[in-house]
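Me: I have a structure open and I am new to it. Could you show me how to read its features, one at a time?

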Amino acid sequence: MEIELQVPTYIMNIPTSYSTDIRNNLWMEEYYKDEIIVNLSKAIHEMWEVYSFLSCEGFVYLLPNPKGSKLQDLTFVANNGIVLHNIENPTFVGSNFTVKNRIGEENIGLNFFDQLGYQTIKCPHLFEGEADMKFIKDNIYVAGYGMRTEKAAHKWFEDKFGIKIISLQMTDPYIYHLDCAVFTLSKDKMIVATEAFSKQDIKQLEKHVEIIPVTIGHSRAGLTNSVRVNNYIINGSDIDFLKKTSKDYKMERDKNNKIEEIAADNGMEVCYFNLEEFMKGGALMSCLVLNVNYKSYKSDLF
């Protein structure tokens with residue numbers, strides 16, 4: 001039987017099969033052919049820096065990478081599925097991928113969580129894991145639909161597990177997963193790129209959580225694509241490697257200033273990690289980390 005650890009717990013994956021051979025999102029289309037090639041040694045080092053930090057603050061499982069695996073995006077474990085809590089049995093729901101070259105990743109997650117003693121099940125509808133569904137508090141989640149996840153998945157979760165889903169329709173092709181526009185800061189506060197959603201959807205979300213608004217520009221620069229561990233927000237930033245006169249530098253600086261302002265207002269601290277190799281795959285911090293429990297989010301800020 002699974003025993004829940006009493007510290008923030010996560011899953012990551014060593015990116016030994018990571019590549020950008022198949023471009024499956026718009027961010028990847030921004031790269032020239034010679035620019036998008038992954039430096040695998042550097043990618044492993046970048047992942048290990050994040051792993052080391054999270055391990056000092058909590059506990060991190062490593063999702064195994066099968067011998068000979070060709071799953072280029074397996075390292076983006078937030079898409080593998082989602083762990084549900086506050087229900088009768090802790091459960092891992094595996095994803096049902098829209099992108100064909102990602103099909104099969106969820107089986108590795110399902111097998112792993114089965115070995116840990118979780119109830120496991122694959123979502124019967126298109127669904128791309130925690131990246132598209134964020135825990136708020138109690139039995140309440142917010143979930144996106146319209147890009148990689150279909151709305152029918154939300155109803156299935158509600159009917160199957162008795163949880164409440166606040167559905168947000170996604171229409172921006174650059175915000176193809178919910179974590180590109182939403183970040184749970186605490187059990188009472190959520191950072192949201194409000195321009196990415198309809199006013200009606202935002203009003204529904206406001207009934208359950210205080211919204212801290214950020215711009216589309218902030219979200220596209222990766223502000224919401226963060227992970228919380230204890231009183232830290234960890235975020236990807238390559239600002240030290242950008243020319244100070246460039247447009248990218250200004251966007252990154254504005255994003256960093258905003259997230260630091262939010263952190264200061266809430267008694268938190270931001271830690272940055274260079275994730276240049278994972279940006280080639282259209283991914284940033286929260287893509288690399290799957291929450292096994294929500295200890296940081298269930299606690300009051302301190």
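Reply: We will go through a helix, the aromatic rings, the empty spaces and a few single residues. Keep in mind that this is a predicted model.

Me: Let me start with a helix. Which residues of α4 are buried?

Reply: Look for side chains with little accessible area; under 20% counts as buried. In α4, which spans residues 151-161, the buried ones are A153, H154, W156, F157 and F161. Now look down the axis of α4. The directions of these buried residues fall within an arc of 160 degrees, so they line one face of the helix.

Me: Which residues are exposed on the other side of α4?

Reply: K155 and D159 are exposed there.

Me: And what covers the buried residues of α4?

Reply: Check for contacts. The cover includes the strands β3 (81-84), β4 (91-94) and β5 (119-122). It also includes β6 (133-137), β7 (140-145) and β8 (164-169).

Me: What follows α4?

Reply: G162 does, and its phi is positive, near 70 degrees.

Me: Where else is phi positive, in a residue other than glycine?

Reply: D138 is one such residue, with phi near 50 degrees. Find D138 in the loop between β6 and β7. N230 is another non-glycine case, with a positive phi of about 50 degrees. That residue sits in the loop between β12 (227-229) and β13 (232-236).

Me: Now the rings. How many aromatic pairs does a search of the whole structure find?

Reply: It finds 18. To read a pair, take the distance between ring centres and the angle between the planes. Y18 and F76 are 5.5 Å apart, centre to centre, with 75 degrees between the planes. That pair is edge-to-face.

Me: Why does the pair of Y18 and F76 tie together parts that are apart in sequence?

Reply: Look at where each ring sits. Y18 is in the loop between β1 (9-12) and α1 (26-29), while F76 is in the loop between β2 (59-62) and β3, so the pair links parts 58 residues apart in sequence. Both Y18 and F76 are buried.

Me: Are the rings of W48 and Y51 stacked or edge-to-face?

Reply: Planes under 30 degrees apart count as stacked. For W48 and Y51 the planes are at 25 degrees and the ring centres 4.6 Å apart, so this pair is stacked. Both residues lie in α2 (residues 40-57), 3 residues apart, about one turn of the helix.

Me: Are W48 and Y51 buried or exposed?

Reply: Take them one by one. W48 has 36% relative accessibility, so it counts as partly exposed. Y51 has 18%, so it counts as buried.

Me: Which residue can I use as an exposed example?

Reply: Try K70, in the loop between β2 and β3. Its relative accessibility is 76%, so K70 counts as exposed. From K70 to W48 is 22 residues in sequence and 21 Å in space, C-alpha to C-alpha.

Me: Which residues form one aromatic cluster?

Reply: F59, Y61, F92, F112, F113 and Y118 do. Look at F92, in strand β4. F92 has 0% relative accessibility, so it counts as buried. Now list its neighbours, leaving out residues up to four places away in sequence. F92 touches residues including N80, I82, V83, L110, F113, Y118, I121 and L290. The C-alpha atoms of F92 and G129 are 9.8 Å apart, with their positions 37 residues apart along the chain.

Me: How do I find empty space?

Reply: Rolling a probe the size of a water molecule over the atoms reveals where space is left empty. Here the largest pocket holds about 1000 Å³.

Me: Which residues lie nearest the centre of the largest pocket?

Reply: W27, Y31, R220, M279 and L284 do, out of 39 lining residues. Two or more residues each come from α6 (216-220), α7 (247-265) and α8 (276-279). α7 gives the most, with 4 residues. By type, the lining has 15 nonpolar, 11 polar and 13 charged residues.

Me: How many cavities of 30 Å³ or more are there?

Reply: The search of the whole structure finds 2. The largest cavity has a volume of about 120 Å³. Among its lining residues are E130, K134, F135, F183, T184 and Y297. β6 and β9 (182-184) each supply at least two residues of that lining. The cavity lining divides into 6 nonpolar, 4 polar and 2 charged residues.

Methods:
Residues are numbered from 1 along each chain as its sequence is written. This is a predicted model: local features need pLDDT of at least 70, side-chain atom pairs count only at pLDDT 80 or more; totals for chains, interfaces and linings use all residues. Side-chain values use heavy atoms; hydrogens and water are left out. Buried means under 20% relative accessible area, exposed over 50%, partly exposed in between (1.4 Å probe, protein chains only). The arc is that of the directions from the helix axis to the C-beta atoms. Contact means heavy atoms within 4.5 Å. Rings of Phe, Tyr and Trp (its six-membered ring) pair if their centres lie within 6.5 Å; planes under 30 degrees apart count as stacked, over 60 as edge-to-face and the rest as tilted. On a 1 Å grid over the protein atoms alone, a cavity is a set of points where a 1.4 Å probe fits but cannot get out, and a pocket is an open set with protein on both sides within 12 Å along at least five of seven lines; lining residues have an atom within 4 Å of a point. Grid points are joined across faces, edges and corners, and a volume is the space filled by probe spheres set on the points. Ala, Val, Leu, Ile, Met, Phe, Trp, Tyr, Cys and Pro count as nonpolar, Asp, Glu, Lys and Arg as charged, and the others, Gly among them, as polar.
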